[in-house]
Structures are given as C-alpha cells and as structure tokens.
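Here is a friendly walk through one structure, going from a single residue out to the whole chain. Have the viewer open as you read.

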Amino acid sequence: MKKEKNTPSPPQMSPYIFTILLFGFGLWCFWDGWLTTDPEMLAHATFNKVLSAILLPWGIYDFFKLRKRQKNKKQPEDN
C-alpha cells in the first residue's frame with residue numbers, strides 16, 4: 001500500500017506576469033528612446049524607440065487576451 005502524502009501545491013504564478021514584464025520593458029525603452037536627455041543613451045535611441053513600439057502594443061494585446069480568457073473560464077461557473 002502506498003501512503004498518500006497531503007503536500008500543499010506550490011503557489012501559482014499570476015498569468016499577468018508576462019504582461020507586466022512587457023509593460024515594464026516597454027516603458028523603460030520608451031523612456032530611453034523618447035524622453036531621456038542622457039547623451040550616452042542617445043546612441044541607443046533608435047533601438048529603444050522601435051522596441052517600445054513593439055513591446056507596449058504587445059503588452060496591451062496580451063492584457064486583453066488574458067482578461068478575455070479569464071472571463072470565458074468564469075462564465076460556465078456562473079451558469
């Protein structure tokens with residue numbers, strides 16, 4: 001006979017962690033590309049502008065995609 005251990009499951013990571021990282025890096029790149037006056041960062045301004053133009057819309061898309069998925073998961077429970 002096997003003894004079943006009642007071990008707690010590890011804590012689950014939020015599904016929004018990737019979205020938060022996208023926003024964070026996108027805002028950082030936006031700051032370095034568009035708003036900073038640091039002469040050392042001006043050499044990387046084009047890279048940061050392009051990356052912020054990619055990461056910020058991707059973060060917005062991912063946020064709404066996850067929100068819709070969570071609403072769809074909760075909907076059958078409400079009925």
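## Starting from Ser52

Ser52 has a relative accessibility of 4%, and because buried means under 20%, Ser52 counts as buried. The model is a predicted one, so please read each value here as computed from predicted coordinates. Ser52 belongs to helix H2, which covers residues 45-78. Which residues are in contact with Ser52, leaving aside its neighbours within four places in sequence? They are Gly26, Cys29, Phe30, Trp34 and Pro57.

## The whole protein

Zooming out, the secondary structure amounts to 2 helices and 0 strands. The protein's radius of gyration is 20 Å, whereas the globule rule gives 12 Å for 79 residues, so the protein is more spread out than a compact globule. Its C-alpha trace spans about 70 × 35 × 15 Å along the principal axes.

Here are some overall values for the protein, side by side:

| Property | Value |
|---|---|
| Buried share of the 79 residues | 20% |
| Share of contacts joining residues at least 24 apart, among those between residues at least 6 apart in sequence | 68% |
| Share of the exposed area supplied by carbon and sulfur atoms | 64% |

The exposed area behind that last row is about 7200 Å².

Charges round off the picture. The protein has 11 positive and 7 negative charges, and the mean positions of these two groups lie 12 Å apart.

Notes
Residues numbered from 1 in each chain as written. Predicted model: local features only at pLDDT ≥ 70, side-chain atom pairs only at ≥ 80, totals over all residues. Heavy atoms only, no water. Helix = DSSP H or I, 4+ residues; strand = E, 2+ residues; numbered from the N terminus. Rg over C-alpha atoms; globule rule 2.2 N^0.38 Å. Buried < 20%, exposed > 50% of the residue type's maximum accessible area, 1.4 Å probe, protein only. Contact = heavy atoms within 4.5 Å. Areas by Shrake-Rupley, 256 points an atom, 1.4 Å probe, with all protein chains shown as cover. Lys, Arg positive; Asp, Glu negative; His and termini not counted. Charge placed at Lys NZ, Arg CZ, Asp CG, Glu CD.
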